[in-house]
Amino acid sequence: MKRLFFVLFLFVAATASFAQKPSDALTGEHSLRDRFLIMKSKSQSYGAYKVIKESTLDGVWKIGLDSIDARKGALVTANGTIKNLQGQLDQKIAALKEKEQSVAAIQHDSTHIKVIGMDMLKGTFITVMAVTIAALLLLLVLVVGRMKLQSNTLNERILAVSALTNEYEDYKHRAMDKQTKLSRELQDERNKLQAMIRNS
């Protein structure tokens, strides 16, 4: 029995030397919850109460406050980073909107054309210009055709006038010849008459 008691004593002593103490809650990398559980589980009990050293309690409290301050600092840093990132995001969005407007303007310029202050699609402009050119060509053909018709009519009139002029000139020459002939005949008759009067 002494042996058993001795073995148990050694076991308890070894366990106590290797076990965590309430002050272990102040050392090492532990979360606040782990520190609280270590402090609670390794402290002595007095009935329904736990007896915790004031230095350990103060240390856990200080670590808790430091942890809260660190989290607040991290939160402030994170908020600053978020604001910085939000500012960068706003700048990127503004730059993207500007690029989209530029692309939209380029697309608009590539598909539209301004003519006499009117903005129209290039296809519409090409259609209007083709119809206008076709109408002008048709009008030119009509004008040239009408001019040729008038030229032919004018040529016919000139020929008619020329024929009439020639006819008139011929008539005039014939009339002059006839008049000259009649004048000679008349003169011959006068001469004969005077000769008869002298001879009688």
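Here's a quick briefing on this structure, from the overall layout down to a few individual residues. Keep in mind that this is a predicted model, with an average pLDDT of 82. The protein has 4 helices and 4 strands, and buried residues make up just 5% of its 200 residues. A search of the whole structure turns up 1 salt bridge.

**Confidence**

- Some 85% of the residues score a pLDDT of at least 70.
- Helix α4 has the highest mean pLDDT among the elements, at 91, while helix α1 (residues 2-18) has the lowest, at 44.
- Over residues 6-20 the pLDDT stays under 50, and for that stretch the model has 4 contacts beyond four places in sequence.
- Where pLDDT is low, predicted coordinates shouldn't be read in detail.

**Layout and surface**

- Reading from the N terminus, the elements go α-α-β-β-α-β-β-α.
- Of the contacts with a separation of 6 or more, 22% are between residues 24 or more positions apart.
- The accessible surface adds up to about 17,900 Å², and carbon and sulfur atoms account for 65% of that.

**Helix α3**

- Helix α3 covers residues 54-111, which makes 58 residues.
- Its end C-alpha atoms sit 82 Å apart. At 1.5 Å a residue you'd expect a span of 86 Å, so the two values agree.
- Which residues of α3 are buried? They are Thr-56, Gly-59, Val-60 and Gly-64.
- Those buried residues of α3 pack against α2 (32-42).

**The salt bridge**

- The side chains of Lys-62 and Asp-66 pair up in a salt bridge, with 3.0 Å from N to O.
- Both Lys-62 and Asp-66 belong to helix α3, and they are 4 residues apart, or about one turn of the helix.
- Is Asp-66 buried or partly exposed? Its relative accessible area is 37%, so Asp-66 counts as partly exposed.

**Strand β4: Met-120 and Leu-121**

- Met-120 is in strand β4, and so is Leu-121, in a strand that runs over residues 118-121.
- Met-120 has 16% relative accessibility, so it counts as buried. Leu-121 comes in at 43%, so it counts as partly exposed.
- Setting aside neighbours within four places in sequence, Met-120 touches Thr-111, His-112, Ile-113 and Phe-125.
- With the same neighbours set aside, Leu-121 is in contact with Thr-111, His-112 and Ile-113.
- How far apart are Leu-121 and Thr-111 in space, C-alpha to C-alpha? They are 5.8 Å apart, with their positions 10 residues apart in sequence numbering.

**Nonpolar patch and helix α4**

- Met-129, Ile-133, Leu-137, Leu-140 and Val-144 form a nonpolar patch on the surface. Together these residues offer about 430 Å² of accessible area.
- One of them, Ile-133, is located in helix α4, which covers residues 122-199.
- Ile-133 has a relative accessibility of 45%, which means it counts as partly exposed.
- As for confidence here, α4 is the element with the highest mean pLDDT in the protein.

Definitions and conventions. Residues are numbered from 1 along each chain as its sequence is written. This is a predicted model: local features need pLDDT of at least 70, side-chain atom pairs count only at pLDDT 80 or more; totals for chains, interfaces and linings use all residues. Side-chain values use heavy atoms; hydrogens and water are left out. Patches are made of residues with over 30% relative accessible area and no salt bridge: like charges are joined within 9 Å, nonpolar side chains (Val, Leu, Ile, Met, Phe, Trp, Tyr) within 5 Å. Accessible areas come from the Shrake-Rupley method with a 1.4 Å probe; for residues, only the protein chains shown count as cover. A salt bridge is a side-chain nitrogen of Lys or Arg within 4 Å of a carboxyl oxygen of Asp or Glu. Helices (H or I, at least four residues) and strands (E, at least two) are DSSP runs, numbered from the N terminus. Buried means under 20% relative accessible area, exposed over 50%, partly exposed in between (1.4 Å probe, protein chains only). The expected span of a helix is 1.5 Å times one less than its number of residues. Contact means heavy atoms within 4.5 Å. pLDDT is the predictor's confidence in each residue, from 0 to 100.
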